[in-house]
Amino acid sequence: MNDKPGQTFELTDSSAGRSASLPVRAGTIGPAGLDISHLQPELDVFTYDPGFGMTAATESRITYIDGDAGVLLYRGYPIEQLAEKSSFMEVTYLLLIGELPTAKQLAEFSGHIRYHTMINETLLRFFNGFHHNAHPMAMVSAVVASMSAFYHDTMDIHNPRHREIFAHRIIAKIPTIAAAAHKHSLGQPFIYPRNDLDYAANLLNMLFAVPCEPYKVDPIAAKALDLLFVLHADHEQNASTSTVRLAGSTGANPYAAISAGVSALWGPAHGGANEAVLSMLEQIGTVDNIPKYLAMAKDKTSHFRLMGFGHRVYKNFDPRAKIIREMTHKVLAALGRDDNPLLELALRLEEIALKDEYFISRKLYPNVDFYSGVIYSAIGIPRSMFTVMFAVARTVGWVAHWQEMISDPHMRIGRPRQLYTGAPRRDYIPVSKRT
Ligand code: CMC
């Protein structure tokens with residue numbers, strides 16, 4: 001991050017006759033940031049920014065979004081090019097290391113991930129402690145946090161080799177944990193990972209194979225899942241990534257930080273939206289009901305929102321949603337399920353909402369979660385596992401951001417301030433004297 005030469009903002013508090021000169025910091029692309037780190041000592045005020053809509057909490061080299069133009073770059077590469085030409089393992093390397101790998105580097109890296117997929121048997125037994133109808137996100141978050149109880153020997157966050165081992169472990173094992181959560185819900189035996197399969201195919205095998213008969217992963221499903229993982233791998237300082245950074249900034253072990261990220265992702269305003277979209281489409285049921293539900297979404301007295309619509313940063317089409325919508329048609333056609341009524345309903349809902357003044361004026365467009373559930377369903381993934389799939393992919397982004405933060409020599413604990421609006425100082429009254 002550089003000072004923008006000569007560019008400063010002067011802020012004056014005329015009542016107190018004080019002023020502060022705020023330097024402007026430039027990134028490589030995108031708007032510059034106003035450095036307010038000396039605001040409080042100089043003017044005795046903080047900034048007030050609920051939801052952090054205008055606050056950059058860090059500099060980062062990983063992902064860039066231009067929300068007005070609908071642009072998403074991983075390490076500078078457009079998401080459209082990565083979606084078309086790359087693979088999840090290659091994107092994982094890119095996000096973690098910063099550059100695309102050579103063929104040799106990719107083979108070596110994929111090998112590390114492929115050969116660390118098993119989890120400790122004791123950890124596997126943790127699942128038995130959960131009720132059969134526990135939500136898989138609850139199990140995944142708990143089991144990821146529990147990994148810290150197994151790897152004391154490699155949890156020195158200041159040791160780069162330990163950090164690398166952690167990165168490989170969590171990325172390799174999160175599909176195994178995800179699949180175990182699903183198998184526990186079904187009451188089926190856990191299926192061990194198969195190192196001859198690639199990342200997505202191995203996950204599908206662990207989700208759907210059973211010990212009593214052969215199971216062959218459908219290559220169309222594996223390719224679709226790999227592509228969805230590419231699209232979900234990172235999205236700069238979103239709520240769950242910021243949660244991972246905040247938890248990690250305390251020096252907490254990285255498994256605890258990732259588990260915090262899983263929990264943050266679960267909410268319906270974030271990764272939980274993919275599950276909520278399918279529930280909403282089923283609730284709407286038919287095209288005739290769309291106006292009724294759109295009216296509810298616009299009604300501020302109702303809690304109903306159009307799930308899969310709107311985004312804090314994108315005020316244009318989410319580029320991932322465009323890719324997924326196109327992919328949905330192809331995947332359903334390839335699977336012979338192109339007469340999918342939920343897809344038809346989603347398409348009509350999008351069309352009607354995008355012509356509606358409420359959505360136009362607020363720049364609310366379909367986001368990544370609007371169509372992803374339709375594909376997940378088509379490849380047999382149950383609704384309660386949608387957000388888990390998101391978590392598997394986003395683990396890569398969380399790890400990349402955690403690594404970036406911990407290796408920054410200027411890292412500080414994350415600690416937002418507040419505008420206190422409670423009672424002013426007052427004296428304690430003994431209970432006998434209170435009226
Ligand atoms: N349906 C109806 N109205 C909406 C919606 C929606 N989905 N999203 C935003 N609005 C309205 C909101 O009521 C507000 O209206 P007004 O100005 O009249 O008060 C205006 O649009 C601005 O919304 P906001 O709540 O200030 O926007 P935000 O940046 O705080 O929230 C969001 C972003 C994604 C949480 C929100 O758009 C939302 O709840 N969407 C539905 C849930 C969803 O699809 N989440 C997935 C996000 S993308 C993937 C991910 O992050 O994991």
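**Figure 1. The largest cavity of this predicted model has a volume of about 90 Å³.** Welcome to the first close-up, which looks at enclosed space. Which residues line the largest cavity? The lining is made up of Met 118, Ile 119, Leu 124, Thr 176, Ala 179, Ala 180, Lys 183, Phe 190, Ile 191, Tyr 192, Pro 193 and Met 206. Helix H7, which spans residues 160-186, gives the most to this lining, with 4 residues. Sorted by class, the lining residues of the largest cavity are 10 nonpolar, 1 polar and 1 charged. Rolling a probe the size of a water molecule over the atoms is what shows where empty space is left.

**Figure 2. The second largest cavity holds about 30 Å³ of space.** How many cavities of 30 Å³ or more does the structure hold? There are 2 of them. Around the second largest cavity you will find Gly 310, His 311, Tyr 314, Asn 316, Lys 363, Leu 364, Tyr 365, Pro 366 and Asn 367. By class, the lining of this second largest cavity has 4 nonpolar, 4 polar and 1 charged residues.

**Figure 3. The ligand is surrounded by 22 residues.** Nearest to the ligand among these are His 270, Lys 300, Leu 306, Gly 308 and Arg 312. The shell around the ligand divides into 11 nonpolar, 6 polar and 5 charged residues.

**Figure 4. Side-chain and backbone atoms of the protein make polar contacts with the ligand.** Here is a look at individual atom pairs. In the side chain of Arg 305, an N or O atom sits 2.8 Å from an oxygen atom of the ligand. Arg 362 also offers a polar side-chain atom, 3.0 Å from an oxygen atom of the ligand. Leu 306 takes part through its backbone: a polar backbone atom of this residue lies 2.7 Å from a nitrogen atom of the ligand. How much of the ligand's area does the protein bury? Taken alone, the ligand exposes 940 Å², and the protein buries 75% of that.

**Figure 5. The second largest pocket has a volume of about 460 Å³.** This pocket is lined by 18 residues, and those closest to its centre are Leu 227, Ile 323, Glu 326, Met 327 and Lys 330. Which elements give two or more residues to the lining of the second largest pocket? They are helix H2 (79-85), helix H9 (219-232) and helix H14 (319-334). H14 brings the largest share of the lining, 7 residues. By class, the lining of the second largest pocket comprises 10 nonpolar, 2 polar and 6 charged residues.

**Figure 6. Tyr 93 and Phe 109 form an edge-to-face aromatic pair.** A search of the whole structure finds 17 aromatic pairs. A pair of aromatic rings is described by the distance of the centres and the angle of the planes. For Tyr 93 and Phe 109 those values are 5.5 Å centre to centre and 85° between the planes. The pair links distant parts of the chain, with Tyr 93 in helix H3 (residues 88-97) and Phe 109 in helix H4 (residues 103-114), 16 residues apart.

Note on methods
Residues numbered from 1 in each chain as written. Predicted model: local features only at pLDDT ≥ 70, side-chain atom pairs only at ≥ 80, totals over all residues. Heavy atoms only, no water. Near = heavy atom within 4 Å. Polar contact = N/O pair within 3.5 Å; in protein donor to acceptor, adjacent residues only side chain to side chain. Areas by Shrake-Rupley, 256 points an atom, 1.4 Å probe, with all protein chains shown as cover. Nonpolar A, V, L, I, M, F, W, Y, C, P; charged D, E, K, R; others polar. 1 Å grid on protein atoms, 1.4 Å probe; cavity = no way out; pocket = protein on both sides within 12 Å on 5 of 7 lines; lining within 4 Å. Points joined across faces, edges and corners; volume = space filled by probe spheres on them. Phe/Tyr/Trp six-rings, centres within 6.5 Å; stacked < 30°, edge-to-face > 60°.
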